[in-house]
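Work through the exercises below with the coordinates open. Each task is followed by a stepwise solution.

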Amino acid sequence: MTASRPAILIARKIFPEVVERLRTVFEVDAHLSDEPLDALALRARLQGKAGVFVAGTEPINAGLLAACPGLRAVCSMAVGYNNIDVPACTAAGVLASNAPGVLTETTADFGFALMMATARRIGEAERYLRAGHWKHWGFDMMAGADVHGSTLGVLGMGRIGQAIARRGVHGFGMSLIYHNRSRLPEADEQALGARWVDLPSLLREADHLVIVVPYSASSHHLIGAAELSQMKPTATLTNIARGGVVDDAALAQALARRTIAAAGLDVFEGEPAVHPDLLTLSNVVLTPHIASASLPTRRAMCDLAADNLIAALTGGVPPTALNPEVLTRA
Ligand code: GLV
């Protein structure tokens with residue numbers, strides 16, 4: 001019986017309880033490390049595997065799929081899936097899944113916290129205190145921008161964007177403008193007092209711009225020098241979406257010249273590398289891609305990826321498939 005169980009690869013270190021659960025169903029090969037496998041090693045470890053558990057970091061593309069003809073399921077614990085070429089998976093008959101929903105509120109908490117830390121200069125103030133610079137009270141010492149009552153601009157109004165918007169509107173009395181390819185239903189706009197605007201208006205009017213748009217070829221450098229130049233000099237920009245949506249070099253210049261006031265960044269182009277100019281600036285709060293990182297949420301993300309993998313390889317219905325049509329094909 002054991003011999004007939006499908007073989008899978010767990011490509012990253014995850015909760016031991018989830019590894020054990022997968023071992024009850026599959027022959028498991030596990031790369032239990034925070035250091036990702038490089039492309040060659042991933043390809044080698046996937047030989048003879050029917051499924052793979054990935055995070056948002058393992059590139060799954062047509063070349064890899066062609067080299068791993070036994071692969072039938074690629075299940076990610078991340079919600080963003082720009083590392084997975086879904087059309088290539090579909091063409092190869094490989095089920096792909098991500099992990100939407102379970103991280104929405106945790107990620108929105110973090111996005112809001114990062115925006116607040118940015119507006120109120122919390123990172124900079126803590127560094128100032130720890131460095132022993134706090135000698136006197138000063139009327140404008142670490143004075144920043146208000147969050148309450150200001151205008152929140154949300155770029156990308158999916159689940160996480162809406163959860164951030166609710167926090168701003170209901171918790172902080174903010175006015176809400178947003179830009180998204182598709183508008184919210186009118187009833188949702190009314191419930192939030194949300195106003196859809198075009199991108200230039202969003203940039204011009206927002207006091208605090210929060211970016212939550214998925215990364216794709218069409219959102220690459222959506223915010224570059226030209227867009228930054230349209231923002232208020234008092235405005236903040238927070239990016240919890242993906243590195244590459246913002247041109248980090250252009251952002252560093254805008255921050256250095258103070259054409260915008262401050263930024264909060266959880267994601268970076270080419271992360272874990274960070275543009276060196278950002279590291280030298282005081283008016284940017286930098287965090288290492290941790291917006292979904294509460295323990296209960298990371299566990300829920302792992303559980304959902306495991307649910308998808310088990311269903312995909314045992315004749316079930318994966319709960320959050322990106323291309324469910326591959327399962328219904330003859
Ligand atoms: C994190 O960035 C995710 O996409 O889950």
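A residue counts as near a molecule if one of its heavy atoms lies within 4 Å of it. Note that the model is predicted.

**Exercise 1. The ligand shell**

Task: List the residues around the ligand, then sort the shell by class.

Solution.
- Step 1. Apply the 4 Å cut-off to heavy atoms. The residues around the ligand are then Ala78, Val79, Gly80, Leu103, Arg242, His289 and Met301.
- Step 2. Sort them by class. The shell holds four nonpolar, two polar and one charged residues.
- Step 3. Assign the names. Ala, Val, Leu and Met count as nonpolar, and Arg as charged. Gly counts as polar, and His falls among the others, so it is polar too.

**Exercise 2. Polar contacts to the ligand**

Task: Find which atoms of Val79, Arg242 and His289 approach an oxygen atom of the ligand.

Solution.
- Step 1. Start with the backbone. A backbone N or O atom of Val79 sits 2.8 Å from a ligand oxygen.
- Step 2. Turn to the side chains. Arg242 places a polar side-chain atom 2.7 Å from an oxygen atom of the ligand. For His289, the distance from a polar side-chain atom to a ligand oxygen is 2.6 Å.
- Step 3. Check the cover. On its own the ligand has 190 Å² of accessible area, and the protein covers 86% of this.

**Exercise 3. The two domains**

Task: Locate domain 1 and domain 2, and describe the interface between them.

Solution.
- Step 1. Set the bounds. The domain assignment gives 7-100 + 295-328 for domain 1 and 104-286 for domain 2.
- Step 2. Take the centres over C-alpha atoms. They are 32 Å apart.
- Step 3. Count contacts. Four residues of domain 1 touch four residues of domain 2.
- Step 4. Compute the buried area. About 430 Å² is buried between the domains, with 50% from carbon and sulfur atoms. On the domain 1 side, Asn82, Pro100 and Thr297 supply 76% of the area buried against domain 2, more than any other three residues.
- Step 5. Look for polar links. There are zero salt bridges between the domains. Three residue pairs are in polar contact across the interface.
- Step 6. Classify the domain 1 side that touches domain 2. One residue is nonpolar, three are polar and none is charged.

Note on methods: Residues numbered from 1 in each chain as written. Predicted model: local features only at pLDDT ≥ 70, side-chain atom pairs only at ≥ 80, totals over all residues. Heavy atoms only, no water. Domains from an automatic or database assignment. Contact = heavy atoms within 4.5 Å. Buried area = accessible area lost by both parts, 1.4 Å probe. Salt bridge = Lys/Arg side-chain N within 4 Å of Asp/Glu carboxyl O. Polar contact = N/O pair within 3.5 Å; in protein donor to acceptor, adjacent residues only side chain to side chain. Areas by Shrake-Rupley, 256 points an atom, 1.4 Å probe, with all protein chains shown as cover.
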